[in-house]
Every structure is written in structure tokens, then in C-alpha cells.
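Please open the structure in your viewer and keep the selection tool at hand. This tour proceeds by stops, each with something to select and something to examine.

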Amino acid sequence: ECQVLEERIQHIEYLPPMPEQYYQPSGREIQPKPVGEEAGTIVFQYYPMSAVNYFSRSSVGGSRFFLPSMSDKEDDLRFESRFESGNLAKAVKITDTYYELSLRTDLYTNRHMQWFYFRVENTRRRLLYRFSIVNLTKAESLYCAGMKPLLYSNKDALVNGIGWRRCGENITYFKNEPQNGEEDQYPSFTLSFNLEFPHDNDTVYLAQCYPYTYTDLQDYLIKLQNHPVKSEYSKLRLLCRSLAGNNVYYLTITAPSPIDEPKKKRAIVITGRVHPGETPSSWMMKGFMDFLTGDTHQARELREKFIFKLVPMLNP
């Protein structure tokens, strides 16, 4: 089963006033070798426990037997991932400012770990922290080409209206050394970066890409179906259910034809989010649905000429 905190995580919409800069590697970034819990203290650990190898149910509110913080030091960071799309499995405190992090595998896979989304509390500003995510699985990463992690500060959102933004310095992505001196069949990789939090005692989220959850999609589709105009040419239907038991919907968008004059149209099928961690595809699909259900001349012409069958989230 998966434990899920009862609170819903929501983030404000925000568009940075200027394009955010890529990280420019210096070639001198340190690449700390993963040392594991033997050299530190586990401050967070959560692996869903199940007698079967598939999702069975959610324990809303979490479990009273689970202790999210395993540290008694008041200055330690507090980690959490038991919310929708969160996937942090373990946090090990190596020093007061250095934490090694491990991710949970995607459901129904044995070793797929690449995207991340988790929460950090009890932050301290003007301290340089370092995070290393030590069990990634892809040999190539956009972090090698200047991409930065994403940060969301609750205090910045509340006080300054600032949402998700890029963060981090001394960013490096590298292959881990084999544990036994022999080449692993499935090598792992580490993303390591420095980070300064913007506020004391803040609640901060870190992510690979801008999150877009299954609940976000359901809210969008319900709003679309309740719209007095858009609901006339967009119809929502159930396609199937995923292995986790979630409804997979498809949306039909086309201009209605007169009953006595049926009009033959070509069909266009578009799907998104076949891989759960690829949230950019959900944002692209949202933009496409916004455009196609809009009131522009181009959108009206497309609805007149074609029938669009959209599956916004294939793998929820």
C-alpha cells in the first residue's frame, strides 16, 4: 500500500519575469562518492510495503506506525514525500549540511528512478547545503547540459507571489563507481548540487520538472466539462482503468454537426504522459487543450475540420 498525507499539495502559477539562466559548468565541480547510511544518520525513510508487486490501496493520512523524522536534532532538515507524485525513499544526513537522497522506483518497475519530487522543512537561510541523489538510472541527463533543479518556497509564494524557479550551483551528474570493483550490469548515477534556501523555517519543494499530478488533470477536465460553452464541443469519456485503479479518460473535441447533415471528418489521436515522470508532456497537453477549446479563428477551423481524440494521461 502507499501512504498518502491527507493534505493536498497545491502550488501557485508563476511565470518568471526573465528567462532563467542555464548552469554553466566550470569543470571543477566536486563529485562526492556515495557513502550511504553507514557514514551518516537516516532522517527519512519510506518504502511502500505490500505483499504483492502492484499498487493495492492508499492509507490516507499516513500510518501511525511511520515516523517521518528519525532525527531528534532541532536543526536537521525534515523530509517528506508521502503526497501525490512524491517519490523520495530515503534521506541520510552525512553532515549538518550534506544529505544523500535515494528515490523510490516507479510502480511496476524494478529499477526506474530518474525524476524526483519531495518536500523539505525546517530550512535555514544563509547556509550552503549539498544534496546528492545517488540512485538515478540514466547514463545521460540534461543536468550535463546546464539544467537546474526546481525549487518552490511556500513563504515566497505567500509573501512575494513567486512560484517554481530554477535553483542550485555546483551541479554535477556522474556515474557511480561499482561497489565490488566490477562493472555493474545496471550502473547507477548521482545528481549532486549546492543549494541555499531563501528563508528560515520554510517549507520547500524540490523537483526535476514542474509537477502535474493526476488530481490536477481531474480538476482541469471537470472545469472543462462544466464550462457553458466549451462543453458543447468537448466530451469526456472513460477509456479504461490503469493498473493502479485510476480512471484513464479520453476527450473528444470537435464542432457538433447538424443531425440531418452528418459531416465526415478525419480523426486525430494525441496521447500524453505515457511515462509517469515526464510532466512536461502534461503541460504541453494542457496548452493544446486550452488552445483547441479556445475561441480563436484557428481553433474554430480545426474543430470544424477534424475530430480530436485526446488521452491526456495514459499512465496515471
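The tour begins with the whole chain, then visits two sheets, one enclosed strand and several single residues.

**The whole chain**

Display the entire protein as a cartoon, and bear in mind that this is a predicted model. The protein has 316 residues, of which 43% count as buried. Its secondary structure consists of four helices and 17 strands. The C-alpha trace extends over about 75 × 50 × 40 Å along the principal axes.

Now switch to a surface display. The accessible surface is about 18100 Å², and carbon and sulfur atoms contribute 52% of that area. If you colour by charge, consider the 38 positive and 38 negative charges, whose mean positions are 6 Å apart. Consider also the contacts between residues separated by 6 or more positions: 72% of them join residues 24 or more positions apart.

**A sheet of four strands**

Return to the cartoon and select β14, β15, β16 and β17. These four strands form an open sheet in the order β14-β15-β17-β16, and the pairing is mixed. Which strands stand at the edges? They are β14 (234-241) and β16 (266-271); each has a single partner strand, so one side of each lacks a neighbour in the sheet. From one strand to the next, the twist averages 20°.

Add helix α2, residues 214-225, to the selection. Helix α2 packs on this sheet and touches β14 and β15 (247-253), with its direction at about 35° to that of β15. Then add helix α4, residues 297-305, which lies across β15, β16 and β17 and runs at about 100° to β17.

Next, isolate β16 and β17 (residues 306-311). The two strands run parallel and are joined by six bridges. Within this pair, Phe 306 of β17 stands opposite Arg 266.

Within β17, select Val 311. Is this residue buried or exposed? Val 311 counts as buried, because its relative accessibility is 8% and the cut-off for buried is under 20%. Leaving aside residues up to four places away in sequence, Val 311 touches eight listed partners, among them Leu 239, Val 248, Ile 270 and Met 285. Measure from Val 311 to Leu 236 as well: their C-alpha atoms are 10 Å apart, although the residues are 75 positions apart in sequence.

**The loop after β16**

Select Arg 273, in the loop between β16 and α3 (279-292). Arg 273 is not a glycine, yet its phi is positive, at about 65°. Arg 273 is also buried, with a relative accessible area of 6%.

**An enclosed strand**

Move to strand β12, residues 189-195. How many of its residues are buried? Seven of the seven are, so β12 is largely enclosed by the rest of the structure. Show the side chains: Phe 189, Leu 191, Phe 193 and Leu 195 point one way, while Thr 190, Ser 192 and Asn 194 point the other way.

Now add the partners of β12. Strand β8 (residues 129-136) runs antiparallel to β12 and is joined to it by six bridges; here Tyr 129 stands opposite Leu 195. Strand β11 (residues 169-175) also pairs with β12 in the antiparallel sense, over five bridges, and here Phe 174 stands opposite Thr 190.

**A sheet of five strands**

Select β4, β7, β13, β9 and β10. They make an open sheet in the order β4-β7-β13-β9-β10, with antiparallel pairing. The edges are β4 (78-80) and β10 (165-166); each has a single partner strand, so one side of each is without a neighbour in the sheet. Two bridges join β10 to strand β9 (residues 150-153), and the bridge partner of Leu 150 in β10 is Arg 166.

From β7 (117-121), follow the chain into the loop that leads to β8, where Asn 122 lies. Asn 122 has a positive phi near 65° and is a residue other than glycine. With a relative accessible area of 8%, Asn 122 is buried.

**A histidine in a loop**

Finally, select His 11, in the loop between β1 (2-4) and β2 (41-45). His 11 counts as partly exposed, at 23% relative accessibility. Which residues does His 11 touch, not counting those up to four places away in sequence? They are Tyr 117, Tyr 152, Trp 164 and Tyr 205. Tyr 205 is 194 residues from His 11 along the chain, and their C-alpha atoms are separated by 9.8 Å.

Notes: Residues numbered from 1 in each chain as written. Predicted model: local features only at pLDDT ≥ 70, side-chain atom pairs only at ≥ 80, totals over all residues. Heavy atoms only, no water. Buried < 20%, exposed > 50% of the residue type's maximum accessible area, 1.4 Å probe, protein only. Contact = heavy atoms within 4.5 Å. Areas by Shrake-Rupley, 256 points an atom, 1.4 Å probe, with all protein chains shown as cover. Lys, Arg positive; Asp, Glu negative; His and termini not counted. Charge placed at Lys NZ, Arg CZ, Asp CG, Glu CD. Pairing = 2+ DSSP bridges. Axes fitted to C-alpha atoms, helices over the stretch in contact; angles between N-to-C directions.
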